[in-house]
Amino acid sequence: MRLYLAGQFEPFINWYSAIANYVTDTKLVPTALESFYYCYETASEKHVKSFIENYNKSECQWIMDSGVFTMMFGRDKDKDHTYSSIKHYTERYIGFLKSFNYRDYVVEMDVHKILGMQSVYKLRELLEKHFDPNQIIFVWHTEEGYDGLIKLAQEKPYIALGLPELRKEAKRIRQPVKSVVRRLLGLIKDNTDKYPRVHLLGCTEPTIMANPYYATCDSSSWLGGIRYNQVLIHNNGMLRKGSMYSKVYREYLERITPKIMRGVEIYTERNPHIANVVDKVINKPRTLNALVGAITFTQLQNHINERYYAGQVC
């Protein structure tokens, strides 16, 4: 299982994953999930250039989300969204990625809540014209029913289940989210000859992640130390929550800071294009808090891989 660090912290998000890998002795390529909405639609020209430079010069496995759901229910929630307007957004999404030869994964358009499933299918066809099907993460929606999930799993190599949507479904049927996820993964397993890669979108709970039937997931909870002044520390497969001002956290930070700094030194030597940025931010508390969050979730990833995958990565 690979966990992708998600969030719009800055254009060099993947270096947090790289440092976390070093501190935890994880021999894997760094991972990151970014949103087109944040790295292009609402970003400054400088930010966009920095992202593209970093993509081309740094080793990382990326997932790019369209950010269309954030746009429709955030900045542009009062606008009248039509298929035509969202198609133009999709074309900008595709055009941006093609402009710098993006080679990693893309998430399809999440527009079903406003435009319906037929628009999802049309925009899916548009993406398939420009990207290899193995690059696209196809998302199942509860409106499609279990038959739709089985059909998607039988036809597509990489599919996703959205945890925010499944939490609503769990509330509707009065079952724990963990049980809903397990049932859906079991349904896929029982009805496919070749089990697809499965991604859990927005998965932040260790009890849900503790499952052997998915390949990847993403989480933005590693940024809790910045957003909520709280930190999460890994403890045998669980995440212990605490204040970033607590004695326990200060002592923990003191223990791991030397290895963090050594990891930063090695990374900037290999990636000189980011050295000036790192020098400016590395001693800021918010940067160290983000690094601790990345380390915590990397430790959780490794724990799950050891327990459910015999140390192997999907």
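The legends below describe close-up views of a predicted model.

**View 1. The barrel is closed and has eight strands.** The strands run in the order 1-2-3-4-5-6-7-8, with parallel pairing. From one strand to the next, the twist averages 25 degrees. Strands of a sheet pair through backbone hydrogen bonds, either parallel or antiparallel.

**View 2. Strand 5 pairs with strand 6, and helix 7 packs on the sheet.** Strand 5 covers residues 136–140 and strand 6 covers residues 158–162; the two pair in the parallel sense over three bridges. Phe-138 stands opposite Ile-159 of strand 6. Helix 7, residues 117–130, touches strand 4 (105–107) as well as strand 5. The direction of helix 7 makes about 165 degrees with that of strand 5.

**View 3. Strand 7 pairs with strand 6 and with strand 8.** Strand 7 spans residues 197–201, and four of its five residues are buried, so this strand is largely enclosed by the rest of the structure. Its pairing with strand 6 is parallel and has five bridges. Arg-197 in strand 7 is the bridge partner of Tyr-158. Strand 8, residues 216–219, pairs with strand 7 in the parallel sense over two bridges. Here the bridge partner of Leu-200 is Cys-217 in strand 8.

**View 4. Helix 1 packs against helix 15.** Helix 1 consists of residues 14–23 and helix 15 of residues 285–308. Their axes are 8 Å apart and make an angle of about 60 degrees. Angles of 65 to 115 degrees would count as roughly perpendicular and those under 35 as roughly parallel, and the two helices are therefore oblique to each other. Helix 1 passes helix 15 in a right-handed crossing. On the helix 1 side, the contact is made by Trp-15, Tyr-16, Ile-19, Ala-20, Asn-21 and Val-23. Helix 15 contributes Thr-287, Ala-290, Leu-291, Ala-294, Ile-295 and Thr-298. Of the residues in this contact, nine are nonpolar, three are polar and none is charged.

**View 5. Tyr-89 is a buried residue of helix 5.** Helix 5 covers residues 83–99. The relative accessible area of Tyr-89 is 1%, and the residue counts as buried because the limit is under 20%. Apart from neighbours within four places in sequence, Tyr-89 is in contact with Phe-36, Tyr-37, Glu-41, Ser-66, Gly-67, Val-68, Met-71 and Met-109. One of these, Gly-67, is 22 residues from Tyr-89 along the chain, and the C-alpha atoms of the two are separated by 10.0 Å.

**View 6. Asp-147 is an exposed residue in helix 8.** This helix comprises residues 145–155. Asp-147 has a relative accessible area of 65% and is exposed because the limit is over 50%. Between Asp-147 and Ser-119 there are 19 Å in space, C-alpha to C-alpha, and the two are 28 residues apart in sequence.

**View 7. Arg-174 and Asn-236 have positive phi values.** Arg-174, which is not a glycine, has a phi of about 60 degrees. The residue is found in the loop between helix 9 (163–173) and helix 10 (177–190). Its relative accessibility is 78%, and Arg-174 counts as exposed. Asn-236, also a residue other than glycine, has phi near 55 degrees. Its place is the loop between strand 9 (230–235) and strand 10 (238–243). With 62% relative accessibility, Asn-236 counts as exposed.

Note on methods. Residues numbered from 1 in each chain as written. Predicted model: local features only at pLDDT ≥ 70, side-chain atom pairs only at ≥ 80, totals over all residues. Heavy atoms only, no water. Buried < 20%, exposed > 50% of the residue type's maximum accessible area, 1.4 Å probe, protein only. Axes fitted to C-alpha atoms, helices over the stretch in contact; angles between N-to-C directions. Parallel < 35°, antiparallel > 145°, perpendicular 65-115°, else oblique. Left-handed = near helix turned anticlockwise from the far one by under 90°. Contact = heavy atoms within 4.5 Å. Nonpolar A, V, L, I, M, F, W, Y, C, P; charged D, E, K, R; others polar. Pairing = 2+ DSSP bridges.
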